[in-house]
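Please open the model in your viewer and keep the selection tool at hand. The tour below goes from stop to stop, saying what to select and what is to be found there.

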Amino acid sequence: MTILRIIALALAGLLPLQVQAQDGPLRIEITEGVIEPLPFAVSPFLAESGAAGSYARDIARVIGQNLAGTGLFREIPSSAFISQVSNFDAPVPYPDWKAINAQALVTGSVNVTSDNRLVVKFRLFDVFSEAPLGEGLQFVGETANWRRMAHKVSDQVYSRITGETGYFDSRVVFVQETGPKDARQKRVALADYDGANVQFLTDDRSIVLAPRFSPTGDRVLYTSYETGFPAIYELNVNSVQRRKLDVPAESMTFAPRYGPDGQTVVFSLSQGGNTDIYTLRPGGSPQRLTRTPSIETAPSFSPDGSRIVFESDRSGTQQLYVMNADGSNPQRISFGQGRYGTPVWSPRGDLIAFTKQNEGRFHIGVMRTDGSEERLLTASFLDEGPTWSPNGRVIMFTRETAGAAGAPALFSVDISGRNLRRVPLDGAASDPAWSPLLP
Amino acid sequence: MRHATKALLLLASAALAACSSTGADRFGGGSGGPGSGIGSGSISDPTSVAYFQQTVGDRVLFVVDTSTLTPAAQETLRGQAQFMMANADYTAIIEGHADERGTREYNLALGARRAASVQEFLVSQGVAANRLRTVTYGKERPIEICSTEACYSQNRRAVTVLGAGLGS
């Protein structure tokens, strides 16, 4: 179990860790800001029928990509393998895997049933302990959902090795951008967390901004200029039916997010040049939570629904504040150099991610909910709009390049600041929001 | 002319959008009446949209992260107010914009502030409040696209976009 503890420490990543020699050969050395990823092997998944061949290859490939993509694991290429697994139930020849230093081994098999369903089985082994890590599991689903099944296997593997919930079987809603900078066209789009399976949820006739998932992932709030004025809409992800939020005419609304109940919406409403924070419940009328002449926007509920973090320039510059869900007792929490915006409460409740602007650079950072232990994770010409992975370990955000040809893209980074990656998508993309784990 | 063309396109799209929303009819769309034939009118016609855009000046610029009207902006807006009062059939949508050096939500709020400060000034000069409406675009619609102050200063703007008249 040493392997578990060490990875858990690495994941926590909040302190410069110095983990030195471990007992036995299971050893991950973590030095300040650098982790030696755990070597693992995904043995080719066995195809139990001819039709299963391509699924077996693709599923094994996606599992490898998922795990390696975390930065916590390093995939050993199959060209290095000594053993060929020819039977899913045969004993594992541990020495062959030890010889190539595969500390974790994933084996699997895939079948396509007569009614065109995919059956995916997998096992996970701690090679140097010569023991399975948890029970073998089987997933059954539509063949069209083969990537989701690969993600579910990956979530299991990640979870068994790290002791944390995974985040692979999840999606991202974002804004796909096309066209030149002064005539950008924008559409709400949906993709797997890794950028695959892009679908569009709106057309490009109106500017759309900042889509946000409901806690169950089946609905999305976003801002659209459909009427010529910014207004909040709720969209059903499956039916693509949408409805406008019921707010006073002649007001502009934006920056919506769901409360944890999936019913309450917290948002900004701008009237007469003054922007304040409101909540709206189904069938109700907007409840005003802030009453200052300054800008109050970008609200985000705590996971227990008791508090709201938001940004305000009431002090003269953009800073972060936390107030009770009824608007009472606002307290400033950001006091560092520069300006702070777009706060988002982590799904674990422990941290707040934010955008920071300082000395001409933009950063994504995290801090405790009382503002302490601020850490900046990124820096660039323009980074903004963090969103949390369902397990609170990874942050996705928008990074935009400078200049006339500048364009935004989605990036992700660990909360330790490691493993910065571009989410592979065709074309420009902005304003990501990560879904919860899919059911 | 480039600015003018863009403003017209923006107005045209705003007008189209307004057609489908209740209560926004007087802010565009329709036919007949001054200003509805957008782009019509010669710059030499002091009642024309072209004259308003190019001779009066349809936009004012702002200092970074402010919505305060500079003396130059106030001068332009006095001209806009005189034009609006002399041409009482026009309505206007005031668009507030921000440069790209800010977060999306804050820039929306900042654009709303800028549009409102223009609206308040025009009203203070005698333009009826019900002829004016504001909209913020935040950093969504830059008119200049470089990433230097030369462009940012042009993008931190409020543009008064004339529309079809009341009751048209």
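A crossing of two helices is left-handed if the near helix is turned anticlockwise from the far one by less than a right angle, and right-handed if it is turned clockwise. With that in mind, and remembering throughout that this is a predicted model, begin with chain B.

**Helices of chain B**

Colour chain B by secondary structure: there are five helices and four strands, and from the N terminus on the elements follow the order α-α-β-α-β-α-β-α-β. Of the 168 residues of this chain, 57% count as buried.

Now select helix 2 (residues 49-57) of chain B together with helix 3 of chain B, whose axes come within 10 Å and cross at roughly 150°. Angles over 145 degrees count as roughly antiparallel, and helix 2 of chain B and helix 3 of chain B are therefore roughly antiparallel to each other. Turn the view until one of the two lies in front of the other, and the crossing of helix 2 of chain B and helix 3 of chain B can be followed as a right-handed one.

Keep helix 3 (residues 71-86) of chain B and add helix 4 (residues 104-124) of chain B, where the axes come within 9 Å and cross at roughly 55°. That angle makes helix 3 of chain B oblique to helix 4 of chain B, and the crossing of helix 3 of chain B with helix 4 of chain B is right-handed.

Within helix 4 of chain B, pick out L108(B), which is buried, with a relative accessible area of 3%. Then add E140(B) to the selection: L108(B) and E140(B) are 32 residues apart in sequence, while their C-alpha atoms are 8.7 Å apart in space.

**The disulfide**

How many disulfides does a search of the whole structure find over all chains? The search finds one, and to see it you should select C146(B) and C151(B), which are joined with an S to S distance of 1.9 Å. The torsion about the S-S bond of C146(B) and C151(B) is about 120°, so the disulfide is right-handed. With the surface switched on, compare the two ends of the bond: C146(B) is partly exposed, at a relative accessible area of 24%, whereas C151(B) counts as buried, at 8% relative accessibility.

**Aromatic rings in chain A**

Move on to the rings, of which the count comes to 19 aromatic pairs over all chains. Select F122(A) and F139(A), whose ring centres are 6.5 Å apart and whose planes lie at 5°, so the pair is stacked. This pair links distant parts of the chain, with F122(A) in strand 7 (residues 117-126) of chain A and F139(A) in strand 9 (residues 137-142) of chain A, 17 residues apart. Both F122(A) and F139(A) are buried.

Next select F267(A) and Y278(A), where the ring centres are 6.1 Å apart and the planes are at 25°, so this pair is stacked as well. Since F267(A) lies in strand 18 (residues 265-271) of chain A and Y278(A) in strand 19 (residues 274-280) of chain A, the pair ties together parts that are 11 residues apart in sequence. Both F267(A) and Y278(A) are buried.

For a cluster of rings, show Y158(A), Y167(A), F168(A), Y193(A) and W434(A), which are linked by ring pairs. Two arginines can then be added with their rings: R123(A) lies over the face of F88(A), at 4.5 Å from the ring centre, and R314(A) lies over the face of Y321(A), at 4.9 Å from the ring centre.

**Single residues in chain A**

Select Y94(A), in helix 3 (residues 94-99) of chain A, which is buried, with a relative accessible area of 12%. Along the chain Y94(A) and V127(A) are 33 residues apart, but their C-alpha atoms are separated by 5.9 Å.

Finish with the backbone. Which non-glycine residue in the loop between strand 23 (319-324) and strand 24 (331-332) of chain A should be selected here? N329(A) is found in that loop; the residue has a positive phi of about 55° although it is not a glycine, and N329(A) is partly exposed, with a relative accessible area of 46%. D431(A) also has a positive phi of about 55° without being a glycine, but its place is in strand 33 (residues 428-434) of chain A, and D431(A) is buried, with a relative accessible area of 8%.

Definitions and conventions. Residues numbered from 1 in each chain as written. Chains lettered and ligands numbered in written order. Predicted model: local features only at pLDDT ≥ 70, side-chain atom pairs only at ≥ 80, totals over all residues. Heavy atoms only, no water. Phe/Tyr/Trp six-rings, centres within 6.5 Å; stacked < 30°, edge-to-face > 60°. Buried < 20%, exposed > 50% of the residue type's maximum accessible area, 1.4 Å probe, protein only. Lys NZ or Arg CZ within 6 Å of the ring centre and 35° of its normal. Disulfide = S-S within 2.5 Å. Axes fitted to C-alpha atoms, helices over the stretch in contact; angles between N-to-C directions. Parallel < 35°, antiparallel > 145°, perpendicular 65-115°, else oblique.
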